[in-house]
Amino acid sequence: MTATAGNDPKTTAALAAIGRSPAKDDHSEGMSYLESLPRKTVTVYIPLFIIVVVLLFPFYWMFITSIKPDQDLLDLHGGNPLWVSEPTFRHFYKLLFESNYPTWLWNTMFVAVCATFLSIVASVLAAYAITRIRYRGAQSVGGLIFLAYLVPPSILFIPLSTIIHVYGLFDTPFALILTYPTILIPFCTWLLMGYFKTIPYELEECALIDGASRWQILVKIIIPLAIPGLISAFIFAFTLCWNEFIYALTFISSNPNKTVPTAIVSEFVDGDVFRWGSLMAGALVGSLPLVILYAFFVEHYVSAMTGAVKE
Amino acid sequence: MTDAALARPPARPPVREPTAWDQLKVNRNWLGFWFMLPAMAFLVLFLVYPLGKGLWMSFTDARIGREGRFVGLENFEWLIEDSDFVRALVFTIVFTFVASAVKFAIGLYLALLLNNNLPFKAFIRSVVLIPFIVPTVLSAVAFWWIFDTQFSVITWGLVKMGIIDRGSPINWMGDPFLAQCVVIFANIWRGIPFIAITLLAGLQTVSPSLYEAATLDGATKWQNFRYVTYPLLTPIIAVVMTFSVLFTFTDFQLIWAMTRGGPVNATHLMATLSYQRGILGGNLGEGAAIAISMVPFLLAAIMFSWFGLQRRKWQQGENND
């Protein structure tokens, strides 16, 4: 039995893959024993440490600034500016209770969730149609969608702003909810196409024979199997929305409708020398939701990032 | 009980011709059309149409609140003679080139470092990605504060190390050249994680047995990298760098949050200049013309990486013969 199975080329390939994967995953294998610890310290650990410190320092500085009392902020040479002797939460208090910050946070959240949801629905349908229904021209439509991903918002915002005016959406959240999907749909479609391609055809054929419609197949078979892909797409799209700046800056003008990134840049910069504390607190609180989301879904995030590139 | 099972099944309805409605429901092309409809509606209304409209506007003298008149190439002729525009164009190219090159070098180096057998590897990898997660504007604001003219922590560090004198602080954001360096640095800082993590994903697909074989054949570390890693990584490098160049070239938020194009317009990128002229100045036509002048450069970047990829395929094809 085993012998016959082994002769099948497919099975051999599968066995080879199984045999290969532990060596790849188990990093103690390979040639790493050739490296001694002192050598590795110099060639790997020290450079890595320096890069990580540089990458993380701005966040540390943001945090320290946001809990420093005002007089310490402006007195660099009095003590050690990298440490705080008397931390204060005044900046956060000011931010959360004496400014519109909670409104901005809510706007950002609302816009991001709506735009992401719309884009995912549209992308699931489009990706399914391109990979599985294979209508005439599906390949070229896939290519066009990829090209759409390469069109940057910086060349669209001026004509879009006139269009937004004509549609009467200016200074409403809908201006953002409807324009963000143009950034998200190409990305999500491309990502989901990759996921849908990995789902075996046979499942779908069985369902078709049993009389399921395409819609039922999508809802009952494809979507449940593509949940990890959907989570990746959702998280990445949500981050992109939260991050978006130029559309929010151009299409929203009144203070209570702003999103966090635009509000931070325009509302806190008032020429006051004491603005830094609340500015940093605002930046920190504005990043927090994304960092928390990221902490829970690191793997999905990385697969979204690399999946979109690999295709 | 058995009655139900024994009862004759109802007579089958006669086979009918497919109606137009059935065609719409079942025909492959129509089905595809229905499924594509939402995505296409968004992309046509808010991407293709504005792109066309932007092209049209760049040939008009449109202002805010007034439809423009067709003026031909006047906007572009005007721009070429505008020293601010030329300066922005040159800085955009320098910015993109320097930032992308450094990002690529450090990103690849970081990816190679992370590809080693490390303790807490997954944790380090997640930490490295944080600059990419945090909204650009918010980290740009942090850089703005780090490089503040009066209270810069960098200046403090340099003073402590005795490199500069306490009485003469460095005017980071006030000096045109230094401001340019600072925004390039911030862009590099923000871009490294993306490049490093995507290249790391590419590195992990390279089978270790290739390195073992090469090492047995006497290859040095550098040769291992040059003749094994690099060729296998070329396709992913091409894609990653296309994205990187594209997003660096069209960067807006970093500059806007840190310098707004100042001091003396030294750090204007084309995108920020287009915003300043088009939206703040109200000259929509001119702003659109600036934005449209980015397109040839973007196409060049895409073509460059596309042919990079093609050459790769062609080489592989040749090897297979």
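Domain bounds here come from an automatic or database domain assignment. On that basis, chain A of this predicted model is divided into domain 1 (1–30), domain 2 (35–88) and domain 3 (96–310).

**Domains of chain A**

The centres of domain 2 of chain A and domain 3 of chain A, taken over C-alpha atoms, are separated by 33 Å. Eight residues of domain 2 of chain A are in contact with eight residues of domain 3 of chain A. On the domain 2 side, the elements that give two or more residues are H3 and helix H4 (70–73) of chain A. H3(A) supplies the largest share of that side, with four residues. By class, the domain 2 side holds four nonpolar, two polar and two charged residues.

**Contact between the chains**

Chain A gives 78 residues to the contact with chain B, and chain B gives 73 residues. On the side of chain A that touches chain B, the largest share, twelve residues, comes from helix H3 (residues 37–66) of chain A. Helix H3 of chain A thus appears twice in this account: it gives the largest share of the side that touches chain B, and H3(A) also gives the largest share of the side of domain 2 that touches domain 3.

The table sets out the classes of residues on the two sides described above.

| Side | Nonpolar | Polar | Charged |
|---|---|---|---|
| Chain A, touching chain B | 57 residues | 18 residues | three residues |
| Domain 2 of chain A, touching domain 3 of chain A | four residues | two residues | two residues |

**One residue of chain A**

Phe110(A) is found in helix H6 (residues 101–133) of chain A. Is Phe110(A) buried or exposed? Phe110(A) is partly exposed, because 14 other C-beta atoms lie within 10 Å; a buried residue would need 20 or more, and an exposed one would have 12 or fewer. Phe110(A) and Thr250(A) are 140 residues apart along the chain, and their C-alpha atoms are separated by 18 Å.

**Confidence**

The model scores ipTM 0.83 and pTM 0.84. For chain B, the mean pLDDT is 84, and 91% of its residues reach 70 or more. Within chain B, confidence is lowest in helix H1 (residues 2–6), at a mean of 57, and highest in helix H5 (residues 83–114), at 92. Over residues 317–321 of chain B, pLDDT stays under 50, and the model has zero contacts beyond four places in sequence for these residues. Where pLDDT is low, the predicted coordinates should not be read in detail.

Methods:
Residues are numbered from 1 along each chain as its sequence is written. Chains are lettered from A and ligands numbered from 1 in the order in which they are written. This is a predicted model: local features need pLDDT of at least 70, side-chain atom pairs count only at pLDDT 80 or more; totals for chains, interfaces and linings use all residues. Two residues are in contact if their C-beta atoms, placed from the backbone, lie within 7 Å. Ala, Val, Leu, Ile, Met, Phe, Trp, Tyr, Cys and Pro count as nonpolar, Asp, Glu, Lys and Arg as charged, and the others, Gly among them, as polar. pLDDT is the predictor's confidence in each residue, from 0 to 100.
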